[in-house]
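Here is a set of exercises to work through with the model open in your viewer. Try each task before you read its solution.

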Amino acid sequence: MRRSRHVEIDDERSGKATSSPMFNHLRIAEIAEGVGDPQCYRGKANGPPKFKVGDRLRVKDQPDLFYNQTPGYIRGVVGTVVEIAYESPAPEDEAWGHIDKVEWFYLLCFRQGDIWDDDSPDANPDDTIQAQVSERWLEPV
Amino acid sequence: MTSRNIRNPPQPVPSPDNFDHARFKESMRIVHDLGGEKGGPISLEERKSEPWELNTYAICECLSWRGVWTNVEKLRRSADLGDKYLVVPYSGRWLLAATRALVDKQHITLTELTDKIEEVKRRHAQKSPR
């Protein structure tokens, strides 16, 4: 295999694949070692969580630019915070290796009837579904 | 010899004057965002992974371990496959995503890869003549 142009001389002997700040994912492997991901981001968010368990929040319909992990079917729907889950970079950032901006993630509970128009006899609108969303996607009702 | 490319009827490219925001928004939906769409029945039978699938999982983990990518980047790169996301098996996404990552990050070049594929094909043909 040809060596990457991003390899630094220092890294050559240890065989590290990348060291350019642009592609420095090895840092994630290092900080997550022994603690796990997202546990390695604990305490890294910029301040305490903005929302608390029980809050009613609406999922923002932000633009779909190339990548995110917010399902389309909960956009614009109001859900209830059931757990403040963890801190992590937003998937939109982490997907390109940016891990410096860490934010809070929430587990939200939605009523099926608020999401789907389904009048079939075996559908119960009071069934629920849960989804994890990062703080930037959420606004108070 | 005829071309291997049999062309589909051309789809009209939207003209800028009737390309409104609603149409733009729909066009920008990410390929993995399939919740709520009709997907057909799901096979509940246990299936043994093919050897190439197991190799693919190992490659993906090694790329994380060696710092080439992260799990989220793997997911993003599979969504980046666009129309190929939906037409290859599940593990095929990861394999194509890993290949693309290695090319994008200049660990390998496409000509090196195609040369290697040719070489392996030749070796394989010698070992198991049909």
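## Exercise 1: A helix and its cover

Helix α2 (91-94) of chain A, along with α2 (51-65) and α4 (90-104) of chain B, is included in what covers the buried residues of α3(B). Keep in mind that this is a predicted model.

**Task.** Find which residues of α3(B) are buried, and work out at what angle the axes of α3(B) and α4(B) cross.

**Solution.**

Step 1. Apply the cut-off: a residue is buried when its relative accessible area is under 20%. In α3(B), this picks out Val72(B), Glu73(B), Lys74(B), Arg76(B), Arg77(B), Ser78(B) and Ala79(B).

Step 2. Weigh that against the helix as a whole. Seven of the nine residues of α3 (residues 71-79) of chain B are buried, so the helix is largely enclosed by the rest of the structure.

Step 3. Turn to the axes. Those of α3(B) and α4(B) come within 9 Å and cross at roughly 100°. Angles of 65 to 115 degrees count as roughly perpendicular, and α3(B) and α4(B) are therefore roughly perpendicular to each other.

Step 4. List the residues that meet. From α3(B) come Lys74(B), Leu75(B), Arg77(B) and Ser78(B); from α4(B) come Arg93(B), Trp94(B), Ala97(B), Arg100(B), Ala101(B) and Asp104(B).

## Exercise 2: Two buried residues

**Task.** Describe the surroundings of Thr56(B) and of Ser88(A), setting aside neighbours up to four places away in sequence.

**Solution.**

Step 1. Place Thr56(B): helix α2 of chain B holds this residue. Its relative accessibility is 1%, so Thr56(B) counts as buried.

Step 2. Look for its contacts. Thr56(B) touches Ser91(B), Trp94(B) and Leu95(B), once residues up to four places away in sequence are left out.

Step 3. Place Ser88(A), which is part of strand β2 of chain A. With a relative accessible area of 5%, Ser88(A) is buried.

Step 4. Collect the contacts of Ser88(A). With residues up to four places away in sequence again left out, they are Pro38(A), Tyr41(A), Glu94(A), Lys101(A), Val102(A), Glu103(A) and Phe105(A).

Step 5. Take one of these partners further. Val102(A) is 14 residues from Ser88(A) in sequence, while their C-alpha atoms are 5.0 Å apart.

Step 6. Check another partner, Pro38(A), which sits in the loop between α1 (26-32) and β1 of chain A. The peptide bond joining Asp37(A) and Pro38(A) is cis, with omega at about 20°.

## Exercise 3: Pairs of opposite charge

**Task.** Of the 18 salt bridges held over all chains, examine those of Asp55(A), Arg75(A) and Arg29(B), and say how accessible the residues are.

**Solution.**

Step 1. Recall the principle: side chains of opposite charge can pair when their charged atoms come close.

Step 2. Start with Asp55(A) and Lys52(A), whose side chains meet at 3.1 Å, N to O. Asp55(A) counts as buried at 17% relative accessibility, whereas Lys52(A) counts as exposed at 54%.

Step 3. Next, Arg75(A) and Asp64(A) form a salt bridge at 2.8 Å, N to O. This pair links distant parts of the chain, with both residues in the loop between β1 and β2 of chain A and 11 residues apart. Arg75(A) counts as buried at 12% relative accessibility, and Asp64(A) is buried at 8%.

Step 4. In chain B, the side chains of Arg29(B) and Glu26(B) meet at 3.7 Å, N to O. Arg29(B) counts as partly exposed at 34% relative accessibility.

Step 5. Follow shared partners. Salt bridges of that kind join Glu73(B), Arg77(B), Arg100(B), Asp104(B) and Lys105(B) into one network.

## Exercise 4: Positive phi

**Task.** What is phi of Phe66(A), and what is phi of Gln106(B)?

**Solution.**

Step 1. Set the background: most residues other than glycine have a negative phi.

Step 2. Phi of Phe66(A) is near 75°, a positive value. Phe66(A) lies in the loop between β1 (56-59) and β2 (78-89) of chain A and is exposed, at 57% relative accessible area. Together with Leu65(A) and Trp96(A), Phe66(A) makes a nonpolar surface patch of about 330 Å².

Step 3. Phi of Gln106(B) is near 65°, also positive. Gln106(B) belongs to the loop between α4 and α5 (110-127) of chain B and is partly exposed, at 26% relative accessible area.

How values were computed
Residues numbered from 1 in each chain as written. Chains lettered and ligands numbered in written order. Predicted model: local features only at pLDDT ≥ 70, side-chain atom pairs only at ≥ 80, totals over all residues. Heavy atoms only, no water. Buried < 20%, exposed > 50% of the residue type's maximum accessible area, 1.4 Å probe, protein only. Helix = DSSP H or I, 4+ residues; strand = E, 2+ residues; numbered from the N terminus. Contact = heavy atoms within 4.5 Å. Patch = residues over 30% accessible without salt bridge, like charges linked within 9 Å, V, L, I, M, F, W, Y side chains within 5 Å. Areas by Shrake-Rupley, 256 points an atom, 1.4 Å probe, with all protein chains shown as cover. Salt bridge = Lys/Arg side-chain N within 4 Å of Asp/Glu carboxyl O. Axes fitted to C-alpha atoms, helices over the stretch in contact; angles between N-to-C directions. Parallel < 35°, antiparallel > 145°, perpendicular 65-115°, else oblique.
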